[in-house]
Amino acid sequence: MVREKDVCWEYAEKLDGNKVRCKFCLRVLNGGISRLKHHLSRLPSKGVNPCSKVRDDVTDRVRAIISSKEDGKETSSAKKQRVAEAKSPGNYSAIKALMSVETPSPIAKIFPPITHMGPSSSNDGENAERSIALFFFENKLDFSVARSSSYQLMIEAVSKCGHGFRGPSAEILKTTWLERIKSEVSLQSKDIEKEWATTGCTIIADTWTDNKSRALINFLVSSPSRTFFHKSVDASSYFKNTKYLADLFDSVIQDLGPDNVVQIIMDSTLNYTGVASHIVQNYGTVFVSPCASQCLNLILEDFCKIDWVNRCILQAQTISKFIYNNASMLDLMKKSTGGQDLIRTGITKSVSNFLSLQSMLKQRPRLKHMFGSSEYSTNSYSNKPQNISCIAILEDNDFWRAVEECVAISEPFLKGLREVSGGKPAVGSIYELMTKAKESIRTYYIMDESKCKAFLDIVDGRWRNQLHSPLHAAAAFLNPSIQYNPEIKFIGAIKEDFFKVLEKLLPTSDMRRDITNQILLFTRATGMFGCNLAREARDTVPPGLWWEQFGDSAPVLQRVAIRILSQVCSTSTFERHWNTFQQIHSEKRNKIDKETLNDLVYINYNLKLARQMKMKSSEADPLQFDDIDMTSEWVEETENPSPTQWLDRFGSALDGSDLNTRQFNAAIFGSSDTIFGL
């Protein structure tokens with residue numbers, strides 16, 4: 001009966017003999033409650049398999065019980081002997097150590113702190129860095145975590161606590177601090193919601209699908225101040241069902257308030273036509289728009305499929321693969337380019353292709369000099385077959401002419417992608433950006449009608465069938481930098497779409513009573529629209545803000561203009577980690593884990609969005625990552641390289657700036673690891 005009082009019996013069912021059944025994984029164990037404890041603790045133990053479904057709070061509790069019992073096993077005679085030894089002459093330090101003895105962690109036993117002679121502050125600093133490094137390596141943390149602003153804030157906060165500070169336990173992090181931080185993030189979103197009555201907001205439906213019929217939809221809400229993550233939904237079971245998807249979008253619109261929603265942006269993976277029709281019929285003032293960044297990327301993707309463009313990309317990749325797969329060549333390339341990389345990793349494959357061609361064209365003189373240098377001729381790789389191919393390509397003027405053409409044609413579309421992918425209101429710019437991009441093609445190929453037509457057919461096809469929206473046209477009409485620009489020729493062509501949008505947003509005659517006079521005030525630049533301040537701000541102030549400052553003489557049109565021009569036109573905000581969202585919706589998770597992970601993702605996504613807003617700078621390129629993707633077609637030669645093969649190519653060139661740490665983490669640790677330890 002005494003054994004029945006053990007607190008761990010609440011996690012097990014007692015069976016006949018000396019057997020127990022774990023209530024979490026239902027495994028039957030021989031050996032009674034003792035083996036159950038080791039099973040639940042998930043600690044390495046001979047002959048006991050760890051439980052795969054036990055909750056973290058139970059594991060922490062059982063580990064504490066095991067630890068306290070092991071500490072109690074020390075005999076009183078042994079304790080007396082240790083104390084006596086400590087009290088012997090010259091053993092004052094041993095007494096101090098005995099008073100503050102703690103069980104070292106497994107990692108501390110393997111890698112003890114540095115204890116060499118020298119200045120104390122120097123030793124402390126090195127030990128601190130060593131401990132941080134071990135924490136990263138033991139827990140498989142991405143190296144890019146060290147770039148996070150919260151990383152240094154955490155270190156500074158801990159240093160102010162002084163000696164003896166202990167970090168919060170797993171249970172405290174998962175309960176107290178999770179709830180507190182979630183409340184703080186939610187309060188921030190509530191503050192932003194106040195501006196929606198004036199600016200309106202855009203619902204962004206960001207979709208992920210795979211070949212196993214899984215479909216996840218992330219809902220974000222964007223307004224001029226910020227973009228917020230709202231929730232993630234597993235739509236796998238009804239992804240092709242228009243009615244269920246329509247009900248889902250209804251619920252999100254109701255969450256945010258139908259009067260606040262100006263538009264919904266969704267990508268083409270959704271049942272676009274059916275859902276869009278439902279929204280338009282049921283919400284008279286809500287627009288459904290395509291994702292501008294997705295459409296622009298598809299245009300670039302189609303460009304890459306043109307025979308001569310594809311051939312140019314493959315030839316350029318021959319050069320980059322030869323360099324990046326040989327350590328000495330990579331060293332020589334970095335030396336020749338002043339430490340710069342030859343290729344770029346973009347947000348999509350097609351963006352990577354054109355950014356890398358741009359970079360290679362810029363480095364052309366240095367590349368040719370490198371392959372002709374004495375350092376290269378003495379290199380062991382100079383006699384390899386790939387070397388002959390690279391030199392032939394570098395000396396081929398037709399290749400470089402093709403590179404120049406690719407760069408010239410793609411640049412206006414890359415510029416458009418940058419404009420719409422930064423998370424800022426850009427709905428008033430997309431029409432002009434597309435018009436200028438098409439004009440640049442006509443200008444570049446003024447003497448080559450065949451190539452001009454090939455590219456324009458691709459652009460027009462995507463523009464007509466996917467990207468063009470009446471809301472984009474109305475935003476262009478209301479954009480002062482377009483309306484008052486004498487060089488713009490398409491104002492007349494978009495006026496009809498502008499009127500259609502007005503009728504949708506102002507559905508009754510009472511609401512439109514004075515609208516004609518207000519339109520004339522704006523188009524003729526009379527009243528406040530024509531003052532010197534308004535004229536000077538046309539090209540320098542965001543159009544939504546311009547209307548807020550100078551549109552008072554046309555109050556109805558002002559409200560419409562602010563709501564339209566305050567919207568984004570793209571789902572692209574920042575790099576998404578879909579494996580995190582897959583973990584939320586895993587059927588293997590119990591309800592507590594799923595709720596916790598939902599909260600964690602809500603916090604994580606919104607903190608990243610907030611950091612993105614704070615760290616925006618004119619120098620940052622939203623189209624490319626800081627690290628090179630070492631598994632891309634611009635580097636990788638084999639289809640399934642092992643992690644060691646992947647690392648071997650670097651040699652002495654292996655440093656943090658050369659590694660895409662996301663790929664490193666996936667290559668070394670695999671992509672199936674659990675997120676947040678849940």
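Which residues have the most contacts inside the largest nonpolar core? In this predicted model, that core has 103 residues, and those with the most contacts inside it are Phe303, Ile323, Leu357, Phe371, Phe413, Trp547 and Leu557. Helix α19, spanning residues 397-421, contributes 11 residues, the largest share of this core. Apart from it lies another core, made of 29 residues, among them Trp196, Phe219, Leu248 and Ile279. When neighbours within four places in sequence are left aside, Leu357 is in contact with Cys312, Ile313 and Ala316, with Val403, Cys406 and Val407, and with Trp634.

The protein as a whole contains 32 helices and eight strands, and buried residues account for 43% of its 678 residues. Of the contacts between residues at least 6 apart in sequence, 65% join residues that are at least 24 apart. The surface that the protein exposes comes to about 36,300 Å², of which 53% is supplied by carbon and sulfur atoms. A nonpolar surface patch of about 280 Å² is made by Met154, Val158 and Phe165. Of these residues, Phe165 is located in the loop between α7 (149-160) and α8 (170-193), and its relative accessibility of 43% places it in the partly exposed class.

Helix α24, which comprises the 15 residues 491-505, reaches 20 Å from its first C-alpha to its last, a span close to the 21 Å expected at 1.5 Å a residue. The buried residues of α24 include the nonpolar Ile491, Ile494, Phe498, Val501, Leu502 and Leu505, and Asp497 and Lys504 are likewise buried.

Side chains of opposite charge can pair when their charged atoms come close. The count of salt bridges in the model comes to 25. In one of them, the side chains of Asp255 and Lys231 meet with a separation of 4.0 Å from N to O; because Asp255 belongs to helix α10 (residues 242-256) and Lys231 to strand β6 (residues 227-234), this pair ties together parts that are 24 residues apart in sequence. Both partners are classed as partly exposed, Asp255 at 47% relative accessibility and Lys231 with a relative accessible area of 26%.

A salt bridge is also formed between Arg462 and Asp302, whose closest N and O atoms are 2.9 Å apart. Since Arg462 lies in helix α21 (residues 449-467) and Asp302 in helix α12 (residues 292-304), the pair ties together parts that are 160 residues apart in sequence. Arg462 counts as partly exposed at 22% relative accessibility, whereas Asp302, at 15%, counts as buried. A further salt bridge joins the side chains of Lys436 and Glu432, at 3.1 Å from N to O. These two residues are four apart in helix α20 (residues 430-444), and they are therefore separated by about one helical turn. Glu432 is buried, its relative accessible area being 14%. Through shared partners, salt bridges also join Asp302, Lys305 and Arg462 into one network.

Lys174 is placed in helix α8 and, with a relative accessible area of 19%, is buried, given that the cut-off for this class is under 20%. The C-alpha atom of Lys174 is separated by 7.4 Å from that of Thr596, although the two residues are 422 apart along the chain.

Two loop residues were examined for their backbone geometry. Most residues other than glycine have a negative phi. Lys140, which is not a glycine, nevertheless has a positive phi of about 55°; the residue lies in the loop between α6 (120-138) and α7 and is partly exposed, with a relative accessible area of 33%. Ala525 also has a positive phi, near 55°, in a residue other than glycine. Ala525 is found in the loop between α25 (515-523) and α26 (532-537), where its relative accessible area of 13% classes it as buried.

Note on methods
Residues numbered from 1 in each chain as written. Predicted model: local features only at pLDDT ≥ 70, side-chain atom pairs only at ≥ 80, totals over all residues. Heavy atoms only, no water. Core = buried A, V, L, I, M, F, W, Y, C linked by side-chain atoms within 4.5 Å. Buried < 20%, exposed > 50% of the residue type's maximum accessible area, 1.4 Å probe, protein only. Contact = heavy atoms within 4.5 Å. Patch = residues over 30% accessible without salt bridge, like charges linked within 9 Å, V, L, I, M, F, W, Y side chains within 5 Å. Areas by Shrake-Rupley, 256 points an atom, 1.4 Å probe, with all protein chains shown as cover. Expected span 1.5 Å × (residues − 1).
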